[in-house]
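Student: I have a protein open on my screen and would like to go through it piece by piece. Could you help me read it?

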Amino acid sequence: MTAWFKRKEKGIQTATEEKKDTPRGLWYKSPTGKIVESEELAKNFYVSPEDDYHVRIGSKEYFEILFDDNKFKELDEKLTAKDPLKFEDTKKYSDRLKAAQKKTGLKDAVRTAVGKSQGKDVVVCCMDFAFIGGSMGSVVGEKIARGIDHALKKKIPFVMISKSGGARMMEAAISLMQLAKTSAKLAQLADAGIPYISLCTDPTTGGTTASYAMLGDINISEPGALIGFAGPRVVKEATGKELPEGFQTAEFVKEHGFLDFIVHRSQLKKKINLYIDLIENNPIRS
């Protein structure tokens, strides 16, 4: 019997430090069970190549996709939330904020940046779901408002990327005030004739949907994103009825007139700039 499948020596052991373990995060498994190498996933705009599943990503990845050579200037990056209500549930809100900042490396649930996309300046506000479920509090509203102010001052287009579980309950009415605040600012943008593109990603729900996410000159979404006010379970309980297939998916929402287009992530940069050129009646950039 040849030695290539028969062990010739017994008691072979490998020291722990010499074991070749697979590094964590090297593979990604999509909800449909498809497995893809993380490096390949990143090269494919964080979309699973086999089933086209759009993996949930944050501001870091969206800025990489939209800004030329990933060059941008972040606005109001040190802005952080306070705890005026001294809110406490299972833990103090102040402690929850510190934990979220430490875990994510973010100051809050939105980042704002300005840079060039296909050669022209644009302001991009992008929400991060990793930070307390992308919840909308005072900092989120303020950073969006300041981002719009920058777009107004420089007369450049504004892009909002929503990814949120809704208003931040720990800030109560202060959080709800951000709906009116951001909507008023967007009205100023409209009066100035400056383009606003709203991108809804998975998930876009609650007060976010009830305000800036649905106020774009053009409202777009990624395929399969959950978009709604209350979640499907809450709607089902409230109505007592079975929900239609695909309820609150981007495709369902578009079919019922709440979205203009569904855009694949690989086409995101090209399409957003196309819509901006069309609104501004400028030559279309290739």
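Tutor: What follows is a short walk through the overall make-up, the strands and the nonpolar cores.

Tutor: Please keep in mind that this is a predicted model, in which local features need pLDDT of at least 70 and side-chain atom pairs count only at pLDDT 80 or more, while totals for chains, interfaces and linings use all residues. Residues are numbered from 1 along each chain as its sequence is written, and side-chain values use heavy atoms, with hydrogens and water left out.

Student: OK, how many helices and strands does the protein have?

Tutor: The protein has nine helices and nine strands, where helices (H or I, at least four residues) and strands (E, at least two) are DSSP runs numbered from the N terminus. Its C-alpha trace spans about 85 × 50 × 45 Å along the principal axes.

Student: And what percentage of the residues count as buried?

Tutor: Of the 286 residues, 41% count as buried; that means under 20% relative accessible area, with exposed being over 50% and partly exposed in between (1.4 Å probe, protein chains only).

Student: Now β6, is that strand enclosed or open, and why?

Tutor: Seven of the seven residues of β6 are buried, so the strand is largely enclosed by the rest of the structure. Phe-158, Met-160, Ser-162 and Ser-164 point one way from β6, whereas Val-159, Ile-161 and Lys-163 point the other way. In a regular strand the side chains alternate between the two faces of the sheet.

Student: Which strands does β6 pair with?

Tutor: Two strands pair if DSSP finds at least two bridges between them. β6 pairs with β5 in the parallel sense over four bridges, and Val-124 stands opposite Val-159 in β6. β6 also pairs in the parallel sense with β7 (residues 196–204), over six bridges, and there Met-160 stands opposite Ser-198.

Student: What links β6 to β7, and which hand does the crossover have?

Tutor: The chain crosses from β6 through α5 to β7, and this β-α-β crossover is right-handed, which means that, with the strands pointing away from the viewer, the path from the first strand over the helix to the second runs clockwise. β5, α4 and β6 also make a right-handed β-α-β unit.

Student: Changing topic, what about β4, mostly covered or mostly open?

Tutor: β4 is mostly covered, as seven of its eight residues are buried. Strand β3 (residues 72–75) runs antiparallel to β4 and is joined to it by four bridges, with Lys-73 opposite Val-114. β4 and β5 pair in the antiparallel sense over eight bridges, and the hairpin they form has two residues between the strands, where Gln-118 takes a positive phi near 50°.

Student: Last bit: how many residues are in the largest nonpolar core, and which element gives the largest share?

Tutor: A nonpolar core is a set of buried Ala, Val, Leu, Ile, Met, Phe, Trp, Tyr and Cys residues joined through side-chain atoms within 4.5 Å. The largest one has 30 residues, and those with the most contacts inside it are Val-140, Ile-144, Phe-158, Met-160, Leu-189 and Tyr-212. Its largest share, six residues, comes from α4.

Student: What does Ile-144 touch?

Tutor: Not counting residues up to four places away in sequence, Ile-144 touches Cys-125, Phe-158, Met-160, Thr-182 and Tyr-212, a contact being heavy atoms within 4.5 Å. Apart from the largest core lies another core of 22 residues, among them Ile-57, Ala-113, Val-124 and Leu-199.
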